[in-house]
Amino acid sequence: MGRPGNEGGSPGNAPASIFIADRPDIASAAALPVPAGGGNMLVTGTTTVTSLPNLPTGTVAVLRFGGILTFTYDATTLILQGSANLTTAAGDVVAMRSEGGGNWRELWRRLAAAAAAGSGAVTRAGGATTEALTSSTTI
């Protein structure tokens, strides 16, 4: 028997859908204060981010940015697509997954400029792009 939400699946398969709780806004900081359990949050401010907290492996944080700041790439602790820093814009959304020990890996990003141009493209880790998003949703 599969996990709830994955009826018919085999044990160990990911559920068909996941729920990511909304969290209060967080102020940008060198060590971005993502709350325990992760979640979906607006990052305010313009302070450069160099790390995320030590949260359990598998914790997901969906970060929507209210303005311009720099996410600083690190090959161990803040693994971003393209192995490069990311300068955000208002409305950009980035999903990060904890690998434990204070190490995080970007899962995907959706840039506000692409959304404004009418593209629903989401860039996933590894550079693959999908047009799966067909409507705009505020996260």
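Which backbone nitrogen does the side chain of Asn85 reach? Keep that one in mind while you get your bearings, and we'll come back to it shortly.

**Getting your bearings**

What you have open is a predicted model. Show the whole protein as a cartoon: there are 1 helix and 10 strands to find. Colour from the N terminus on and you'll pass the elements in the order β-β-β-β-β-β-β-β-α-β-β. Of the 139 residues in the protein, 35% are buried. Now switch on the surface: the accessible area comes to about 7,300 Å², and carbon and sulfur atoms own 56% of it. One more overall number: take the contacts between residues at least 6 apart in sequence, and 32% of them join residues at least 24 apart.

**Stop 1: Asn85**

Select Asn85, which sits in the loop between strand E5 (78-79) and strand E6 (86-87). Now for the opening puzzle: the side chain of Asn85 reaches the backbone nitrogen of Tyr73, at 2.8 Å. Those two residues are 12 apart along the chain, yet their C-alpha atoms are separated by 4.7 Å. Show what else Asn85 is in contact with, skipping neighbours within four places in sequence: you should get Thr70, Phe71, Thr72, Tyr73 and Leu80.

Is Asn85 buried, exposed or partly exposed? Its relative accessible area is 47%, so Asn85 counts as partly exposed; the exposed label needs over 50%.

**Stop 2: a pair of rings**

From the Asn85 contacts, keep Phe71 and add Phe65. The structure holds 1 aromatic pair, and you're looking at it: Phe65 and Phe71 meet edge-to-face, with 5.6 Å centre to centre and 80 degrees between the planes. Both Phe65 and Phe71 are buried.

**Stop 3: the largest nonpolar core**

Nonpolar side chains tend to be buried together in soluble globular proteins. Here, the largest nonpolar core has 19 residues. Select Leu32, Val34, Leu52, Leu63, Phe71 and Met96, the members that touch the most other members. Three elements give two or more residues to this core: strand E2 (39-44), strand E3 (60-65) and strand E7 (93-100). Which of them gives the most? That's E3, with 3 residues.

Zoom in on Val34 for a closer look. Leaving out residues up to four places away in sequence, Val34 touches Ile26, Met41, Leu52, Pro53, Leu55, Ala61 and Leu63.

**Stop 4: E3 and its partners**

Colour E3 by itself. Of its 6 residues, 5 are buried, so E3 is largely enclosed by the rest of the structure. Now bring in the two strands it pairs with, E2 and E7.

- E2 and E3 pair in the parallel sense over 5 bridges. Pick out Val43, which stands opposite Phe65 in E3.
- E3 and E7 run antiparallel, joined by 5 bridges. Here, find Arg64, which stands opposite Val93 in E7.

While you're in this area, click on Asn40, in strand E2. Is Asn40 buried or exposed? Its relative accessible area is 9%, and buried means under 20%, so Asn40 is buried. Show its side chain and you'll find a polar contact of 2.8 Å with the side chain of Asp22.

**Stop 5: from E7 to E8**

Follow E7 onward to strand E8 (residues 103-110). How do E7 and E8 pair, parallel or antiparallel? They are antiparallel, over 7 bridges. Their hairpin has 2 residues between the strands, and Gly101 there takes a positive phi near 65 degrees.

Next, select Val94, which stands opposite Arg109 in E8. With a relative accessible area of 13%, Arg109 is buried. Its side chain is joined to that of Glu106 by a polar contact of 2.6 Å.

E8 also pairs with E5, in the parallel sense, over 2 bridges. To see this, select Ile79 and its bridge partner in E8, Arg105. E5 should be familiar: it is one of the two strands either side of the loop that holds Asn85, so to speak where this tour began.

Terms used. Residues numbered from 1 in each chain as written. Predicted model: local features only at pLDDT ≥ 70, side-chain atom pairs only at ≥ 80, totals over all residues. Heavy atoms only, no water. Core = buried A, V, L, I, M, F, W, Y, C linked by side-chain atoms within 4.5 Å. Buried < 20%, exposed > 50% of the residue type's maximum accessible area, 1.4 Å probe, protein only. Helix = DSSP H or I, 4+ residues; strand = E, 2+ residues; numbered from the N terminus. Contact = heavy atoms within 4.5 Å. Phe/Tyr/Trp six-rings, centres within 6.5 Å; stacked < 30°, edge-to-face > 60°. Polar contact = N/O pair within 3.5 Å; in protein donor to acceptor, adjacent residues only side chain to side chain. Pairing = 2+ DSSP bridges. Areas by Shrake-Rupley, 256 points an atom, 1.4 Å probe, with all protein chains shown as cover.
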